[in-house]
Amino acid sequence: MADDGNCKGSGWVYTCEYGSPQNDGESYAPFQLLGLDGVKPGDSGTVTYTASADNAPPVTGTTRMVIGGPTLGSPDEELEVSGVVPGRDTPLTPKFANRTRFSADRGVALRVEAAGGLTLEPRHGNCSYDAATPTSAWCLFPAGAAPRTAYRTRAPLTYVARDEQLTGTITYSWSSTPEKPAGHPVRGTGAPLTLTATADEEFGSPSGAVRVNTTVQADYRPVTGTVRGRVGDTVEVRLGVLDLGPGRLVNDEPKGRFEVVPPEGTTVTSVPYAFEDLNRMWGCEQPKRPGGAFVCDLDSEAFSWARQDDGTTVIAFRVRVDRQVTGAHGTIRTYGAYDRTPGNDTAAIPLEASPAPPHRSGLHPVTWAAVAVGAVAAVVLATGYLRRRRRAG
């Protein structure tokens with residue numbers, strides 16, 4: 001018996017203590033039963049267990065444990081497939097290994113699941129599917145599997161990606177105790193799949209996985225604006241990206257980022273946003289050096305609800321106009337993992353600065369210095385004039 005350290009005993013009797021469980025549906029898996037040397041698939045035994053507590057009478061029950069078939073392993077390494085063209089059949093050849101000393105005499109079953117907009121082709125007579133356009137399949141191989149042997153399907157299964165699909169996943173697992181799952185009413189009409197021996201590799205995973213990347217892109221274009229105001233003004237400019245598609249990003253795909261270098265003669269004072277009833281000042285990472293770029297991660301909390309139905313994702317930059325600089329402009333550049341059209345990834349952020357109004361006196365330290373010097377000079381002159389008048393009198 002294998003346990004988590006809460007059990008004591010020997011032979012055929014063990015006692016497991018777990019303190020005071022919370023009364024919220026909490027459950028325990030206190031131990032695992034392992035077959036002794038010499039057991040084989042089909043051997044069985046009865047387990048008797050008693051549960052007791054300080055505030056309830058003991059409860060006793062029994063269960064019959066049966067040694068199942070050998071454990072079948074799938075490839076350890078996740079396979080990544082790129083360049084999948086939507087609408088075209090793409091092959092998948094599942095593999096497994098029976099590392100044990102037992103044969104899978106009851107047959108072998110294969111379960112395949114397609115996700116992220118991928119669908120399977122229902123072509124094989126020994127497979128059952130969940131729908132006419134399926135995302136799940138269950139296939140039975142009655143011949144089973146010999147011990148210490150690796151196998152693959154002799155012919156591939158096939159799957160198809162939707163037109164707007166960027167990525168998807170295929171997972172599959174093998175079982176030596178084949179039981180058809182519910183919800184697979186559609187039987188394939190083509191030739192059945194069969195198994196054939198294959199080269200040995202690392203087969204230690206309970207399931208195999210395939211990461212699918214299609215040829216579809218999500219083309220990003222910058223959403224830009226003009227910094228327009230008088231010297232001393234702080235203005236708001238909305239900057240971001242427009243997703244031109246045609247691919248559709250889903251929750252588990254990286255959304256990318258955009259980077260902003262403000263125009264010369266300006267200062268970004270904040271990039272405010274609200275998240276979970278909190279107002280924050282910086283929705284984008286500030287540059288580490290003067291003149292650097294603000295980095296706006298589209299997967300961050302600042303953009304969690306910013307995407308619009310038309311594919312636009314923007315945030316407000318608050319920009320102070322410090323001085324007039326003729327022809328000055330900043331830049332905004334977009335980056336996307338699925339953007340394969342780099343020619344439209346950059347745009348300018350022009351500066352249109354007007355002079356400060358005459359009444360605005362606190363625009364620059366130089367202005368304050370000039371005013372202060374003038375005021376002191378005026379006081380000195382006035383004092384000297386009054387003294388001369390008194391002497392003359």
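Cys 296 is buried, with a relative accessible area of 0%, where buried stands for under 20% relative accessible area, exposed for over 50% and partly exposed for what falls in between (1.4 Å probe, protein chains only). Its disulfide partner is Cys 284, with the sulfur atoms 2.1 Å apart; a disulfide here is any pair of cysteine sulfur atoms within 2.5 Å. Cys 284 sits in the loop between β27 (278–280) and β28 (294–297) while Cys 296 belongs to strand β28, so the bond ties together parts that are 12 residues apart in sequence. Cys 284 is buried too, at 3% relative accessibility. The torsion about this S-S bond is about 105 degrees, so the disulfide of Cys 284 and Cys 296 is right-handed.

A word on the ground rules: this is a predicted model, in which local features need pLDDT of at least 70 and side-chain atom pairs count only at pLDDT 80 or more, whereas totals for chains, interfaces and linings use all residues. Residues are numbered from 1 along each chain as its sequence is written, and side-chain values use heavy atoms, with hydrogens and water left out.

The disulfide count comes to 3, and the pattern along the protein chain is 1-2, 3-4, 5-6 when bonded cysteines are counted in order. Cys 7 and Cys 16 make up one of these bonds, with an S to S distance of 2.0 Å. That link is right-handed, with 105 degrees about the S-S bond. Its two ends fall into separate classes of exposure: Cys 7 is buried at 11%, and Cys 16 is partly exposed at 26%.

Another disulfide joins Cys 127 to Cys 139, again with 2.0 Å from S to S. Here the torsion is about 110 degrees, so this bond is right-handed. The pair links distant parts of the chain, with Cys 127 in strand β13, Cys 139 in strand β14 and their positions 12 residues apart. Cys 127 has a relative accessible area of 0% and is buried; Cys 139 is likewise buried at 0%.

Those two strands also pair with each other: β13 (residues 127–129) and β14 (residues 136–141) run in the antiparallel sense over 3 bridges. Pairing is called when DSSP finds at least two bridges between two strands. One bridge partnership sets Ser 128 against Trp 138 in β14. Both strands are part of an open sheet of 7 strands with mixed pairing, in the order β8-β20-β17-β11-β14-β13-β18. At its edges are β8 (79–84) and β18 (186–187), each of which pairs on one side only.

Stepping back to the whole protein chain, there are 1 helix and 31 strands; these are DSSP runs numbered from the N terminus, with helices being H or I of at least four residues and strands E of at least two. Of the 393 residues, 34% are buried. The accessible surface comes to about 23400 Å², and carbon and sulfur atoms account for 52% of that. Areas come from the Shrake-Rupley method with a 1.4 Å probe, and for residues only the protein chains shown count as cover. Among contacts between residues at least 6 apart in sequence, 76% join residues at least 24 apart, a contact being heavy atoms within 4.5 Å.

Thr 90 gives a local example. This residue is found in strand β9 (residues 90–92) and is buried at 11% relative accessibility. Leaving aside residues up to four places away in sequence, Thr 90 touches Val 84, Leu 157, Thr 158 and Tyr 159.

As for charged pairs, the whole structure holds 16 salt bridges, each being a side-chain nitrogen of Lys or Arg within 4 Å of a carboxyl oxygen of Asp or Glu. In one of them, Glu 164 meets Arg 248, with the closest N and O atoms 3.3 Å apart. This pair links distant parts of the chain: Glu 164 is in the loop between β16 (157–161) and β17 (167–175), and Arg 248 is in the loop between β23 (234–246) and β24 (257–261), 84 residues apart. Glu 164 is partly exposed at 22%, and Arg 248 is partly exposed at 44%.

Arg 318 and Glu 236 form another salt bridge, at 3.9 Å from N to O. Arg 318 is in strand β29 (residues 312–321) and Glu 236 in strand β23, so the pair ties together parts that are 82 residues apart in sequence. Asp 322 and Arg 320 also meet in a salt bridge, at 2.7 Å. Finally, Asp 89, Glu 121 and Arg 123 are linked in a salt-bridge network.
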